[in-house]
Amino acid sequence: MPSDRVLKMQNTLHRALLKLTGGRVGRSMAGMPTLELTTIGRKSGRPHSVLLTAPVVDGDTLVVVASRGGDPIHPAWFLNLRDNPTVEVSVQQGPRKTMTAHIATPEERAELWPRVVSASDFYAGYQRKTTREIPLVLLKP
């Protein structure tokens, strides 16, 4: 399972790649658009940003996966938006938009999970690595 240090390093490298290439490289990964999600820390009250992919884009709704690489614990960004669902999102380095995060209901997840895995089956591998059900989060304007 990736450590916090490895995850932070991956985000730092991804940001550097975007900056060095003027956004020509890193705006999408594995055919999925990347986005910067900014949440408010549930303990600190400070903004925290993370780069993610959106395996499902349905109109204005983006679906992100709280996989943390198949780790047995939820990512911090998920815990933050669970407590404060108002987030900021920048898709492919576009303008920041205020959005509302909604954790998929069991019915929504059942409909969306096959689409997530179809977009990139490494999510199925993450699910096999953990006993927790990996949450899906819908981001809506």
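These questions and answers cover helix α4 and strands β6 to β8 in a predicted model.

Me: Which residues of helix α4 are buried?
Reply: Helix α4 spans residues 122-129. Buried means under 20% relative accessible area. The residues of α4 that count as buried are Y123, A124, G125 and Q127.

Me: Which elements do the buried residues of α4 pack against?
Reply: Strands and a helix both take part. The strands are β2 (32-40), β3 (47-53) and β5 (61-65). The helix is α3 (106-119).

Me: Why is α3 described as oblique to α4?
Reply: The axes of α3 and α4 come within 7 Å. They cross at roughly 120°. Angles of 65 to 115 degrees would count as roughly perpendicular, and those over 145 as roughly antiparallel. The crossing angle therefore makes α3 to α4 oblique.

Me: How many residues of the contact of α3 with α4 are nonpolar?
Reply: From α3 come R109, W113, V116 and V117. From α4 come Y123, A124 and Q127. One residue of this contact is charged and one is polar. The nonpolar residues number five.

Me: Which residue in the turn between β6 and β7 has a positive phi?
Reply: β6 (residues 86-91) and β7 (residues 97-103) pair in the antiparallel sense over four bridges. T86 has its bridge partner in β7, T100. The two strands form a hairpin with five residues between them. The turn residue with a positive phi, about 45°, is Q92.

Me: Which residue in β8 stands opposite H102?
Reply: β7 is joined to β8 (residues 136-140) by four bridges. These strands run antiparallel. Opposite H102 stands L138.

Notes:
Residues numbered from 1 in each chain as written. Predicted model: local features only at pLDDT ≥ 70, side-chain atom pairs only at ≥ 80, totals over all residues. Heavy atoms only, no water. Buried < 20%, exposed > 50% of the residue type's maximum accessible area, 1.4 Å probe, protein only. Contact = heavy atoms within 4.5 Å. Pairing = 2+ DSSP bridges. Axes fitted to C-alpha atoms, helices over the stretch in contact; angles between N-to-C directions. Parallel < 35°, antiparallel > 145°, perpendicular 65-115°, else oblique. Nonpolar A, V, L, I, M, F, W, Y, C, P; charged D, E, K, R; others polar.
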